[in-house]
Each structure stands twice: as C-alpha cells, then as structure tokens.
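Me: I should like to learn how to read a structure that is new to me. Please take me through its features in turn, giving the general idea and then the case at hand.

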Amino acid sequence: MTPNIDPIIHIDEELCTGCRRCAEVCPVDAIIGEASTPQSIDAHRCVVCGQCVQTCAAYAAENDPSLTSRAEKLRQRGQLSSVREPLFAAYSTGHAIELKEALADPKRYKVVQCAPVIRVSLAEEFGLPFGTLTPGKMAAALRLLNFDRVYDTNFGADVTIMEEGSELISRVMSGERLPMFTSCCPAWVKHAETAAPHVLDHLSSCKSPMQMVGSLVKTYSAELDGIAPADILSVAVMPCTCKKFEAGREEMNVDGLREVDMVITTRELAQLIKDKGIDFINLPDETFDSPLGKYSGAGTIFGATGGVMEAAIRTGYELVTHEPIPNLQLDFIRGDEGIRTATVQIGDLELKVAMVAGLKYVSTILEQVAKGTCPYHFIEVMACPEGCVSGGGQPKLLLETQRKSAYQARKSSIYRHDSNQKVRKSHENPAIIKLYKDFLGEPLGHASHHLLHTKFFSRSVKGEMK
C-alpha cells in the first residue's frame, strides 16, 4: 500500500468566499487569489501544515441546491458518509474510508501508533473540555476499531532522542555542520527542501518519531510477534496533515516496504470512533502494547513547542557529564509562538539553543546560516504556531476566541502527563534500553543508520531562496 502524496490540502472553489483568512495564516505565502474570489494553493510552495484548514470559516449551507451534494463532497474529500460536521472550503484529503475497509480485512495484521498530542485533544471531539487527557480510552477505542497492536509514537520520540542527542554531541565535539536543526516536523523539512536547500546538511539525519516507529514495527516488532512484515498494515494517528505527505516520501521505506502505510488525523480518528458507535466517554482505560508502547515523560513533551529541545537536553546533559541533570523541568525552554533562545551549561560546554514556534519566524535564522553568522548549536523548528498542539489535523476550533485557551490547555496536559511519569528521560526508558541491547546495538550504529536515519533532497526551483 502506497500513501497518497498528491496535494493533500485543498480549497473548495464552490465554498470559498475569498475572505483570505487562510492567506493570513499561511507561513509560506502558498495561497493564491484576489480578495472576494475563490483561492487556490501553490502545491510546490505549500508545506501541508493545514493551518488554512484550521482557520477557514466558509462552509456549505445545508440543502443548497446550487452546490454539489453533501454526499458527493464527502466522497471527494475521503470522508465517511456518517460525518455530520460542517464542510468548510479549506480541507485536507481524508483516509478514513480506506482505513475502515482495511481494518475489516482479516488477512492484515493491523498496527497503530498515536502521536503525543492525540491523547490531549481527541476527547474534545466528544464534548469534553480542552486538553482532557485520555490515553487509556484512546487505546481501548483503537482495539474496538480492530487494531491488533496499539503502539505509541512517544516510544519513537524516545528513540529519536537517543539518535539525535548522540548526533548533536558528535557534531558539537567535531564542530561540523553546526548549527544542527531538528528534523521531526515534516512541514519544516519540506520548507527547507523547497526554499532553503543550503541548510539541508544542517538538518539532523534522524527520521521523525512516526517513521522510526513505522520502521521498527516492520522489523523489531514483526520479529517479536512472528509476523511477516509484508502482512502488516502500519497506521499512524497524527495531529498533522503533513504527516500524510511524509509517510509517502519515496525514501521512507524499510527493506522495500512502506514504514507507515496510512496516516489519519485526530479528527479522522474521532470520525471512525463515532462511525463505529463507540461510547468513547464511558470506555474503561486500557494500556498500550509492549514494547513499542512504553515511553518516558521526555517522549510525551514532543507535542509542545520546545519539547524536543527539552527532551534532548535531559538526555544530552547526562550523556556528556555522566551526572544527573539538576532540574528535569526546563521552564526557560517552554513558551508560545515565536523564537526563544537560551544558553545551557553542560559540563564545560555552553550550548546555545533556539526554539522556533511557527514557520514564519525561521527566515532570520536561515539568513544567519547562509552568512555563517548563526550563533546557535541546536535549533528546534516546528511549523505550526505552538508545535503539534496546534497542528492542522487537530480538532477544529470554530471560534477564534477559543484558540489560545485550547492550545494552553493541551500544553498543560502534556506537561502534567510528563510530570506524572515514573521515567522522564528517554535513555532511562527500560523498553529503549532493551531495544538497543537486543536489536539496534548502539545509537548511530549500523542498524540505526539503516532503519532510523535518512537524507533530505532539494526541491528548490529557480527564483526561490538558496
């Protein structure tokens, strides 16, 4: 099964009023059109972040005979016929119909992973308050949808820290290819490939946590379960519309098999749960499956801006100094939209870091890298305003006044989930220790490079920044 990487973000010309609210939130000026006329999308420039989908307020009036029927629009959008929510002009291609059919196939071994923020936003689709934390209900619902294994992208986040942290230490010690940028946000990676290919050597070679879990599902997990990798359907639930694009990238395969066969968003998972008639609110809590369902608090905070940096420093500090980090909660790294910088003392090293929340803020740093004047060692870039909590596939906020409070509540839940974890550092996760002992060997080793690292390629065309 090959994921669809055709344009994923669309604007329905029948519904678009030309208000250009979508153009105001697009970080890469990919929305084209005059005011009061239907807009279109430059697919090359678009980073598939879905912020236009989140902000669009033009929707189809019920029973308007001048419009294509609702049933046909749902079919065109890849949405289940049971969906009852309004149909807005800006939308992302859905895959719930394909997934529903695949889940009914008894010949497939169905494995799912869930991103860190799904557990703090899914419940909003069922009327619970912003940021309600429901990992146990989510695991139970996924089993009722007929998944054989319920894994967690947080595990992949812990693996990412092992690989990316080791890569950062290696680069800082050698002084090569600094600053190092994170590579777990696919919209940021696509933007770098399209508009700033001069920084590609500066990106971490790590695949994203989603792709790492996908790779391990079809190797490590398949081996433990005695399942032929070709028989596995690997599914990811993500807050991010660009993850659909990432999963379809040609290089994201392991030994000729797609690492992630299908990606659905938070909203699509809610639609599948409702379609099946599952009483989500009253589900008893269940746990994730082992071993790819065990995670640390560091894996959890990947969902908020600054989370990757904070998780990396928790582990990097101890790998370099061989001493416990004095304080696990790095408040100076946490924050909102924009750029934040800090200097972190790690042994004799003054590590200079920057967190970019919102792709529109990254241009200054890209120019510094081009001029050779960038002062930072390590830079986290998240395309969406406050990281994955504000992703394009998250529950749609119908009132603009709700946006800030929703993001804050989701972030607070993530940090609370982290603080309640017994293990809060990736390198202390027992399942991670066992993974390296039994299967990978060591970070940056041969097996890791084969399964967990990749290369990025220029998508630049004439006239764009180089």
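**Reading the domains, the sheet and selected residues**

Reply: Let us begin with the contact between the domains. In this predicted model, the count between domain 1 and domain 2 is 1 salt bridge.

Me: Which residues form this salt bridge, and how far apart are the closest N and O atoms?

Reply: Side chains of opposite charge can pair when their charged atoms come close. Here E400 pairs with R21, and the closest N and O atoms are 3.4 Å apart. Across the interface of the two domains there are also 18 residue pairs in polar contact, counting pairs with both residues at pLDDT 80 or more. On the side of domain 1 that touches domain 2, helix α2 (residues 51-55) gives the most, with 4 residues. By class, that side of domain 1 has 17 nonpolar, 11 polar and 3 charged residues.

Me: Where does each domain lie in the chain?

Reply: Domain 1 covers residues 1-93, and domain 2 covers residues 150-452. Their C-alpha centres lie 28 Å apart. Domain 1 brings 31 residues to the contact and domain 2 brings 36 residues.

Me: What is the area buried between domain 1 and domain 2?

Reply: The size of an interface is often given as the accessible area lost when the parts come together. Between domain 1 and domain 2 the buried area is about 2500 Å², with 56% given by carbon and sulfur atoms.

Me: How many salt bridges does the structure hold?

Reply: The structure holds 35 salt bridges. One of them joins the side chains of K274 and E125, at 3.7 Å from N to O. K274 lies in helix α10 (residues 266-275), while E125 lies in the loop between β5 (109-114) and α5 (135-144), so this pair ties together parts that are 149 residues apart in sequence.

Me: Let us turn to the sheet. What is the order of the strands in the open sheet of 4 strands?

Reply: Strands of a sheet pair through backbone hydrogen bonds, either parallel or antiparallel. In this open sheet the order is β7-β14-β13-β12, and the pairing is mixed. The edges are held by β7 (180-181) and β12 (338-346); each has a single partner strand, so one side of each is left without a neighbour in the sheet.

Me: In what sense do β12 and β13 pair, and over how many bridges?

Reply: Strand β12 and strand β13 (residues 349-357) pair in the antiparallel sense, over 9 bridges. As an example of residues facing each other, T341 stands opposite A354 in β13.

Me: What does the side chain of S205 make a polar contact with?

Reply: The side chain of S205 is in polar contact with the side chain of H453, at 2.7 Å. S205 is placed in the loop between α7 (186-195) and α8 (209-225). Leaving aside residues up to four places away in sequence, S205 touches E167, R171, L452, H453 and T454.

Me: Finally, let us consider the backbone. Which residues does a cis peptide bond join?

Reply: One such bond joins S290 and P291, with omega about 0°. P291 is found in the loop between α10 and α11 (297-300). The peptide bond from L178 to P179 is also cis, with omega near 0°. P179 lies in the loop between α6 (153-174) and β7.

Me: What is the phi of R20 near?

Reply: Phi of R20 is near 65°, a positive value in a residue other than glycine. R20 belongs to the loop between β1 (9-11) and α1 (21-25).

How values were computed
Residues numbered from 1 in each chain as written. Predicted model: local features only at pLDDT ≥ 70, side-chain atom pairs only at ≥ 80, totals over all residues. Heavy atoms only, no water. Domains from an automatic or database assignment. Contact = heavy atoms within 4.5 Å. Buried area = accessible area lost by both parts, 1.4 Å probe. Salt bridge = Lys/Arg side-chain N within 4 Å of Asp/Glu carboxyl O. Polar contact = N/O pair within 3.5 Å; in protein donor to acceptor, adjacent residues only side chain to side chain. Helix = DSSP H or I, 4+ residues; strand = E, 2+ residues; numbered from the N terminus. Nonpolar A, V, L, I, M, F, W, Y, C, P; charged D, E, K, R; others polar. Pairing = 2+ DSSP bridges.
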